[in-house]
Amino acid sequence: MKQIATIGAATAMCAVMAAASMPAWAQLGAATQTSQQTARDTEASQQRVDQLDEQAQSLLNDYRANLKQLEQLNRYNASQQRQVDAQERELESTRLDIANIAGLQRSVQPLMDDMLNALETLVEADLPFQIVERTDRIARLRGLMEDPDQSPAQRYRLIVEAYQIENEYGRTIEAYRSDVTVDGNTYENVEFLRVGRIALVFKTDDDQVLKIFDADSRSWKDLDSKFLADVRLGLRMAKEQIPPDLLNVPLPAPQMAAAKQG
């Protein structure tokens, strides 16, 4: 061991002596090479550090972007789940409706029959205007009630439409032509004037016959010729030949009220 140490010391001493024995310019060149190598090593190390920093920053940005995307996906999934829940509730409600549809049909059919009966009673008790058209409408509806190709919803819709048509009669004025038989006499193509549901009058073209329907007796009565001008005015208004205006309508006296007062 002493011998090895002695040899190492001798070698180091020789190196020092050799370096000391080198010229100054050689020593300067060696130092410059060492400095340049150190600078290159430092630059390479810095490049590796910069690359690692860029990679770390890129990974961090990707991580933040993935977090944001995950949050958005979670919110979207929650929204979709709410829609799915609502659709499932609607499907359950629909299944219940389908399960009850047989019972609904059993209850709706008698209702529609009652509505048709009430409509027919109304037409029979009403002023006899457009009587053919109205009775034909009821006959068609009764035929639809027996038609298997018509759904309950379609039948009900048509009955409601018929009620709406009847309701409009009470709020409109109308002029039309038709035949009418009074006391065995048939008047062809006479001109009718309907004022809502409160008055129904007809006259011949030569103005020789002027009659009004009396709801109490369910018969036609002669109307005083002094109302002829008002009837003509009403006909022109119904045909939209003149703008709407006040119209004197001949009405029978309220006999029941008069009897009570007496």
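Buried residues here have under 20% relative accessible area, exposed ones over 50%, and partly exposed ones sit in between (1.4 Å probe, protein chains only). By that yardstick Asp207, at 21% relative accessibility, counts as partly exposed. The model is a predicted one, so to speak of local features takes a pLDDT of at least 70 and side-chain atom pairs count only at pLDDT 80 or more, while totals for chains, interfaces and linings use all residues. Residues are numbered from 1 along each chain as its sequence is written, and side-chain values use heavy atoms, with hydrogens and water left out.

First, the overall layout. The protein has six helices and five strands, where helices (H or I, at least four residues) and strands (E, at least two) are DSSP runs numbered from the N terminus. Along the sequence they come in the order α-α-α-α-β-β-β-β-β-α-α. Of the 262 residues, 22% count as buried. About 19,100 Å² is exposed, with carbon and sulfur atoms supplying 55% of it; accessible areas come from the Shrake-Rupley method with a 1.4 Å probe, and for residues only the protein chains shown count as cover. Contact means heavy atoms within 4.5 Å. Among contacts between residues at least 6 apart in sequence, 47% join residues at least 24 apart.

On to the rings. Rings of Phe, Tyr and Trp (its six-membered ring) pair if their centres lie within 6.5 Å, with planes under 30 degrees apart called stacked, over 60 edge-to-face and the rest tilted. Seven aromatic pairs turn up in the structure. Phe129 and Tyr169 make an edge-to-face pair, because their centres are 5.0 Å apart and their planes stand at 80°. This pair bridges distant parts of the chain, 40 residues apart: Phe129 is in the loop between α2 (24-125) and α3 (131-145), and Tyr169 is in helix α4 (residues 152-169). Phe129 is buried at 0% relative accessibility, and Tyr169 is buried as well, at 9%. Phe129 also has charged company, where a charge sits over a ring if NZ of Lys or CZ of Arg is within 6 Å of the ring centre and within 35 degrees of the ring normal. The charged end of Arg134 sits over the Phe129 ring at 3.9 Å from its centre, and that of Arg194 does so at 5.0 Å.

Another aromatic pair, Phe192 with Phe202, is tilted, at 5.5 Å centre to centre and 40° between the planes. Phe192 belongs to strand β2 (residues 185-195) and Phe202 to strand β3 (residues 199-203), so the pair ties together parts that are ten residues apart in sequence. Both Phe192 and Phe202 are buried, the latter at 0% relative accessibility. Leaving aside neighbours within four places in sequence, Phe202 has contacts that include Val180, Val182, Tyr187, Val190 and Trp220. Ring pairs join Tyr176, Tyr187, Phe192, Phe202, Phe213 and Trp220 into a cluster. The C-alpha atoms of Phe202 and Tyr176 are separated by 9.4 Å, with their positions 26 residues apart along the chain.

Helix α5 (residues 228-238) has Leu228, Asp230, Val231, Gly234, Leu235, Met237 and Ala238 as its buried residues. Their cover includes β1 (173-182), β2, β3 and β4 (210-214). Just after α5, Glu240 takes a positive phi of about 60°. Asp230 is the odd case, buried yet without a salt bridge (a side-chain nitrogen of Lys or Arg within 4 Å of a carboxyl oxygen of Asp or Glu). The nearest side chain of opposite charge, Lys226, is 8.7 Å away; Lys and Arg count as positive and Asp and Glu as negative, with His and the chain ends not counted. Not counting residues up to four places away in sequence, Asp230 touches Leu247 and Asn248.

Elsewhere, the salt-bridge count comes to 17. Arg142 and Glu120 meet at 2.8 Å, N to O, and they link helix α3 with helix α2 across 22 residues. Arg142 is partly exposed at 30% relative accessibility, and Glu120 is partly exposed at 30% too. Glu168 bridges to Arg171, with the closest N and O atoms 2.2 Å apart; Glu168 is partly exposed at 35%, whereas Arg171 is exposed at 59%. Asp207 pairs with Lys203 at 2.9 Å between the closest N and O atoms, and Lys203 is buried at 7%. Both belong to a salt-bridge network that links Arg177, Glu191, Lys203, Asp205, Asp207, Arg232 and Lys239.
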